[in-house]
Amino acid sequence: MNKTNQPKNQNVMPEITRVFKVNRSEELLSFLLSKLNTSRNNVKSLLSNRQILVNGSLITQYNFMLAKDDEIKICKKPLSSMPLKRKQSPLVNQNLEIIYEDDDFIAINKPCGLLSVESDKDRRCAYNYVLDYLQSKSKALRPYILHRIDKETSGVLVFAKNIKVHSKLKLNWNDYVLLRQYYAVVEGKMEKKEDTIVSYMFENKNNMVYSSKDHNGQRACTHYKVVCQNNEYSLLKVDISTGRKNQIRVHMQDLKHPIVGDDKYGCNKNPFKRLGLHASKLEFMHPFTKRIISIDAKVPNIFYKLFK
């Protein structure tokens with residue numbers, strides 16, 4: 001992906017006046033008209049004045065197609081009048097590796113340190129880069145969010161490229177996903193060479209996820225197998241049957257073998273200066289053609305260097 005195509009507004013943190021969540025697919029203009037209780041001309045002015053964000057990206061097209069779970073933000077001031085931060089992260093200038101693309105999907109090897117979609121504190125995200133890349137080809141194109149991976153995790157991140165495929169998959173994503181595979185470097189030498197962990201996940205008010213035996217939580221199932229190890233670290237191949245927030249990180253903490261670099265979940269060692277977790281493979285079924293799509297992102301070489 002050409003770094004010159006990056007969104008120029010993504011470092012700005014604008015003042016937001018309204019936030020909306022999209023419940024069904026429709027054009028941006030009609031959505032805003034239904035929510036803002038104002039005239040068509042006023043809504044068009046918001047778009048032309050660069051005051052509308054969709055999933056953190058500045059959108060001026062009135063016929064931009066929205067999808068379920070998109071987030072719309074109304075900015076108090078036009079973004080064009082707001083100064084950009086001069087100091088940029090190296091990630092801004094980093095080319096994102098496109099590892100798969102066809103008429104319906106696009107996938108990148110998301111680098112560690114980049115959000116999947118924007119947060120309130122950081123507008124730099126994979127969605128912005130992919131949107132900019134697609135719209136450099138055609139203004140009619142946009143990515144549709146199917147899933148997310150943690151900011152600190154690298155690897156396979158897939159977006160749909162059309163609303164019909166997205167809508168079908170989004171309704172039953174877990175039914176169409178056949179494999180979610182990760183590689184994780186954890187602290188210590190594993191006693192069991194392979195095992196399955198099942199628990200129920202909860203999240204506290206501080207956004208920390210934790211395991212419980214309480215069946216009222218979200219069921220989480222993680223399978224791991226040791227690839228190689230020494231006295232200090234173990235490299236695991238991990239398959240997850242469920243895609244819960246921070247699932248692998250929490251389960252490794254439960255085993256007393258937290259992922260390296262994961263100070264949030266109990267690890268003080270950081271040999272890579274990053275989280276030792278990588279989404280290496282995603283397989284899913286096309287909802288209409290039933291074709292199996294398998295996408296791989298090469299495991300970082302630094303994961304293996306600890307064991308040479």
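Here are some notes on this predicted model, point by point.

1. Overall make-up. The protein has seven helices and 17 strands. Of its 308 residues, 50% are buried. If you look at contacts with a separation of 6 or more, 66% of them join residues 24 or more positions apart. The exposed area comes to about 15,500 Å², and carbon and sulfur atoms supply 45% of that.

2. Helix 6, the enclosed one. I'd start the close reading here. Six of the eight residues of helix 6 are buried, so the helix is largely enclosed by the rest of the structure. The buried ones are Gln247, Ile248, Arg249, Val250, His251 and Met252. What do they pack against? The answer is a set of strands: strand 11, strand 12 (194-203), strand 13 (209-212), strand 14, strand 15 and strand 16. Just for orientation, an α-helix has 3.6 residues a turn, so residues three or four places apart point the same way. After helix 6 comes Lys256, and its phi is positive, near 65°; worth a glance while you are there.

3. His257 and its surroundings. His257 sits in the loop between helix 6 and strand 16. Is His257 buried or exposed? Its relative accessible area is 13%, under the 20% cut-off, so His257 counts as buried. Setting aside residues up to four places away in sequence, His257 touches Val186, Glu187, Gly188, Lys189, Met190 and Met252. Met252 will be familiar from the previous point, as one of the buried residues of helix 6.

4. The largest pocket. Its volume is about 1,600 Å³. There are 47 lining residues, and those closest to the centre are Arg148, Ile149, Asp150, Lys245 and Asn246. Helix 4, helix 5 (173-176), strand 11 (177-187), helix 6 and strand 16 are the elements that give two or more residues to the lining. Which of them gives the most? That is strand 16, with four residues. As for chemistry, the lining divides into 13 nonpolar, 13 polar and 21 charged residues.

5. Salt bridges in general. The count for the model is 16. Some of them join up: Asp150, Glu152, Arg249 and Asp262 are linked in a network of salt bridges. Two of these names have already come up, Asp150 among the residues closest to the pocket centre and Arg249 among the buried residues of helix 6.

6. Glu101 with Lys161. The side chains meet in a salt bridge at 3.0 Å, N to O. This pair links distant parts of the chain, with the two residues 60 apart: Glu101 is in strand 7 (residues 97-101), while Lys161 is in the loop between strand 10 (154-160) and helix 4 (163-171). How covered are the partners? Lys161 is buried, at 13% relative accessible area, whereas Glu101 is partly exposed, at 30%.

7. Glu232 with Lys269. Here the closest N and O atoms of the salt bridge are 3.8 Å apart. Again the pair links distant parts of the chain, 37 residues apart, with Glu232 in the loop between strand 14 (218-229) and strand 15 (233-240) and Lys269 in the loop between helix 6 (247-254) and strand 16 (277-285). Glu232 is partly exposed, with a relative accessible area of 42%, and Lys269 is partly exposed too, at 30%.

8. Lys73 with Glu71. These side chains form a salt bridge with an N to O distance of 3.9 Å. Lys73 counts as buried, at 7% relative accessibility, while Glu71 is partly exposed, at 24%.

9. Val158, a core position to look at. Val158 lies in strand 10 and has 0% relative accessibility, so it counts as buried. What is around it? Leaving aside neighbours within four places in sequence, Val158 is in contact with Phe105, Ile106, Ala107, Leu146, His147, Leu282, Phe284 and Ile295. For a distance to check on screen, the C-alpha atoms of Val158 and Tyr144 are separated by 9.0 Å, and these residues are 14 apart along the chain.

Conventions: Residues are numbered from 1 along each chain as its sequence is written. This is a predicted model: local features need pLDDT of at least 70, side-chain atom pairs count only at pLDDT 80 or more; totals for chains, interfaces and linings use all residues. Side-chain values use heavy atoms; hydrogens and water are left out. Buried means under 20% relative accessible area, exposed over 50%, partly exposed in between (1.4 Å probe, protein chains only). Contact means heavy atoms within 4.5 Å. Accessible areas come from the Shrake-Rupley method with a 1.4 Å probe; for residues, only the protein chains shown count as cover. A salt bridge is a side-chain nitrogen of Lys or Arg within 4 Å of a carboxyl oxygen of Asp or Glu. On a 1 Å grid over the protein atoms alone, a cavity is a set of points where a 1.4 Å probe fits but cannot get out, and a pocket is an open set with protein on both sides within 12 Å along at least five of seven lines; lining residues have an atom within 4 Å of a point. Grid points are joined across faces, edges and corners, and a volume is the space filled by probe spheres set on the points. Ala, Val, Leu, Ile, Met, Phe, Trp, Tyr, Cys and Pro count as nonpolar, Asp, Glu, Lys and Arg as charged, and the others, Gly among them, as polar.
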